[in-house]
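Here's a handful of exercises to work through with the coordinates open. Try each task yourself before you read the solution below it.

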Amino acid sequence: MKLRLALSLALAGLWHRRRVLTLVCLTLTLSVSLLLGIQYLRTEIKHSFTSTISGTDLIVGARSGQLNLLLYTVFHIGDATNNIRWSTYQSLQQDSRLDWLIPISLGDSYRGYRVVATDDNFLAHFRHGQDRALALRDGRWFEDVFDVVLGAGVADALGHRLDDRIVLSHGGGRTSFSNHDDTPFTVTGILEPTGTPVDQAIYIGLDGMEAMHVGWQSGVAIPGRTLTPETAAGRDFTPDAITAAFVGIERKVLTFRLQREINQFADEPLSAILPGVALSELWRLMGQFERALLGITGFVVVTSLIGLMAVLLTLQAQRAQEVAILRATGASPALIGSLYLLECLFLALVACALALALGAAGITLASPWLLANYGLQVNLRPLNPQEWALLASVPLAAMVVALIPAFNTWRKSRRLGFGEAANQ
C-alpha cells in the first residue's frame with residue numbers, strides 16, 4: 001500500500017514538472033545511447049575483426065612486420081614492402097605438409113577499390129566468420145584472362161552488373177592517371193556479401209594481372225607494346241612474383257615448425273605469420289583507443305547524472321509547500337525522501353528504454369552504410385551480459401545521485417512537525 005502510494009506521488013510529481021524533467025531525460029537518453037552504442041559497436045567490430053579470416057593457418061609474404069603483412073593482405077590497407085618470387089611459391093606448393101595455398105598479387109585498383117589477383121583456390125579455400133566459405137551471388141568465378149569478379153560492396157556501390165566492362169588502374173590510389181585502357185575486363189561474377197574486406201575488392205586471375213602489365217615500365221605504358229584482349233590469346237602469363245600467399249595446414253601440430261622454417265627460408269627473406277596472433281595484436285592496439293573513448297562516454301553519462309542532481313536540488317526549494325502538505329496529511333519523512341529516489345529511478349528507466357529504441361533504429365539505418373563503406377557487418381542482436389550490466393548501472397547511478405536531495409528532504413521533513421506543517 002505504501003509502495004503504491006509512493007509510486008503514484010512520484011508519477012504525479014514528475015508530471016507536474018514534466019517540462020524541465022523532459023529536457024533532463026532527453027540529455028540522459030542521448031548520453032546513455034552514446035555509452036551503450038560505443039560498447040555495442042566495440043563488440044561488433046571486434047567480432048568483425050576476428051571473423052575477417054578463418055581457416056588460414058599462415059600468411060606468407062616478403063620480410064616485414066606481422067601487422068603490416070596482415071593489413072595489406074587481409075584488410076587491403078597499405079602496400080607490400082616487396083614481392084616473393086614465383087619459384088619460392090612453387091617450392092611451397094611442393095611441400096606435402098601444406099594442404100593448400102592461395103596466391104595473392106596486389107598493386108592495382110579500380111576507382112579506389114583494391115584489385116586482388118589470385119586463382120581458383122581463393123574461392124575454394126578462403127574462409128571467414130565461423131568457417132564460412134565464399135559464394136557467388138551472381139554469375140561465375142573468372143575463367144578467362146580478362147574476367148573479373150566483384151566483391152558485393154563494390155558491385156552495390158558502383159552499380160555494376162554482369163557483362164559490364166571495366167578498366168583497371170595502375171597503383172592503389174583512389175585517383176589514378178595510369179589506366180589499363182587497352183585491356184578492359186568483363187564482369188563475370190559478383191560475390192555474396194561477407195561483412196569483411198572481401199566485399200571491398202575485385203578479383204582477377206594471376207594471368208590477367210600479368211597480361212595487363214605487358215608493355216608497362218615504371219608505371220607507364222609504352223605505346224605499341226601493350227596487349228589487347230585479341231593479341232593476348234594463346235600467350236603464357238605465368239607471373240615472375242606474387243605479393244603473398246595464404247596457407248592451410250592439415251596437421252595443425254606442424255604450424256609452428258613450418259612458420260619457423262619459412263621465416264628461415266634460405267633463397268629469399270620471408271615472413272610467415274599466424275593470422276589469429278596478428279589479429280589479436282591489432283585489436284590490442286585499437287583496444288586502447290576504444291577503451292579511452294568508452295571512458296570519455298562514461299564521463300558524459302556522469303555529467304548528465306550530475307545535471308539531474310542539480311535540477312533536483314534546484315526544484316527542492318520549490319517543493320517546500322508540497323513537503324509541508326504531505327507532512328500535514330501524515331506522510332512520513334522516509335516516504336517523502338523516497339519520492340526523489342523513485343523519480344530518479346523512473347527517469348533513468350525511461351532514458352534507458354529510449355536509448356535502446358534509439359540505438360536499434362541507429363544500427364538498422366547505419367549497418368548498410370558501414371557494410372558498404374568499411375566492410376563491417378554490424379547486426380541487430382540482443383544485448384550481451386556485459387552490455388546489460390552497463391545499462392543497469394545507469395538506474396543504479398541515478399538512485400545514488402538522488403540520495404543527496406532525498407536526504408536533505410528527509411532531514412527537513414523530520415524537523416517539520418504536524419502543527420508547523422498545518423500552519424504553512
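**Exercise 1.** Work out whether Arg140 is buried, partly exposed or exposed, and find its salt-bridge partners.

*Solution.* Start with the accessibility of Arg140 in this predicted model: its relative accessible area is 33%, so it's partly exposed. Next, look for carboxylates. Glu143 pairs with Arg140, with 3.8 Å between the closest N and O atoms. Asp147 also meets Arg140 in a salt bridge, at 3.2 Å from N to O. Now check the two acids: Glu143 is exposed at 60% relative accessibility, whereas Asp147 is buried at 5%. As a general point, side chains of opposite charge can pair when their charged atoms come close.

**Exercise 2.** Put that into context: how many salt bridges does the structure hold, and which residues are linked to Arg381 in a network?

*Solution.* The count for the structure is eleven. One of them joins Asp131 and Arg127, at 3.8 Å from N to O; Asp131 is exposed, with 53% relative accessibility. For the network, follow Arg381: it is linked with Glu44 and Glu387.

**Exercise 3.** Stay with Asp147 and find out which aromatic residue it touches, then place that residue in a core.

*Solution.* Asp147 is in the contact list of Phe185. Leaving aside residues up to four places away in sequence, Phe185 also touches Val145, Phe146, Val148, Asp164, Arg165, Ile166, Leu168, Ile204, Gly208 and Met212. Step two is the core: the largest nonpolar one has 43 residues, and Phe185 is among those with the most contacts inside it, along with Val148, Ile166, Leu168, Ile202 and Ile204. A second core, separate from that one, has 31 residues, including Ile53, Ile59, Val198 and Ala244. In soluble globular proteins, nonpolar side chains tend to be buried together.

**Exercise 4.** Now go the other way: which nonpolar patch on the surface includes Leu30?

*Solution.* First locate Leu30: it belongs to helix α2, residues 18-50. With 48% relative accessible area, Leu30 is partly exposed, and it clears the over 30% cut-off for patch residues. Leu26 and Leu358 complete the patch, and the three together have about 280 Å² of accessible area.

**Exercise 5.** Explain why Cys25 has no disulfide to the closest cysteine.

*Solution.* Find the closest cysteine sulfur to that of Cys25: it sits in Cys352, 9.4 Å away, which is too far for a bond. The cut-off to beat is 2.5 Å. For the whole structure, the disulfide count is zero. Burial is a separate check: Cys25 counts as buried at 11% relative accessibility, and Cys344 is buried too, at 0%.

**Exercise 6.** Take Arg111 and Asp163: what is the sign of phi in each, and where do they lie?

*Solution.* Phi is positive near 55° for Arg111 and positive at about 75° for Asp163. Neither is a glycine, and most residues other than glycine have a negative phi. On to location: Arg111 is in the loop between β3 (100-110) and β4 (113-118), while Asp163 is in the one between α6 (152-158) and β9 (165-166). Finish with accessibility: Arg111 is partly exposed at 45%, and Asp163 is exposed at 62%.

**Exercise 7.** Zoom out: how many helices and strands are there, and what share of residues is buried?

*Solution.* The tally is 13 helices and 17 strands. Of 424 residues, 48% count as buried.

Methods. Residues are numbered from 1 along each chain as its sequence is written. This is a predicted model: local features need pLDDT of at least 70, side-chain atom pairs count only at pLDDT 80 or more; totals for chains, interfaces and linings use all residues. Side-chain values use heavy atoms; hydrogens and water are left out. Helices (H or I, at least four residues) and strands (E, at least two) are DSSP runs, numbered from the N terminus. Buried means under 20% relative accessible area, exposed over 50%, partly exposed in between (1.4 Å probe, protein chains only). A nonpolar core is a set of buried Ala, Val, Leu, Ile, Met, Phe, Trp, Tyr and Cys residues joined through side-chain atoms within 4.5 Å. Contact means heavy atoms within 4.5 Å. Patches are made of residues with over 30% relative accessible area and no salt bridge: like charges are joined within 9 Å, nonpolar side chains (Val, Leu, Ile, Met, Phe, Trp, Tyr) within 5 Å. Accessible areas come from the Shrake-Rupley method with a 1.4 Å probe; for residues, only the protein chains shown count as cover. A salt bridge is a side-chain nitrogen of Lys or Arg within 4 Å of a carboxyl oxygen of Asp or Glu.
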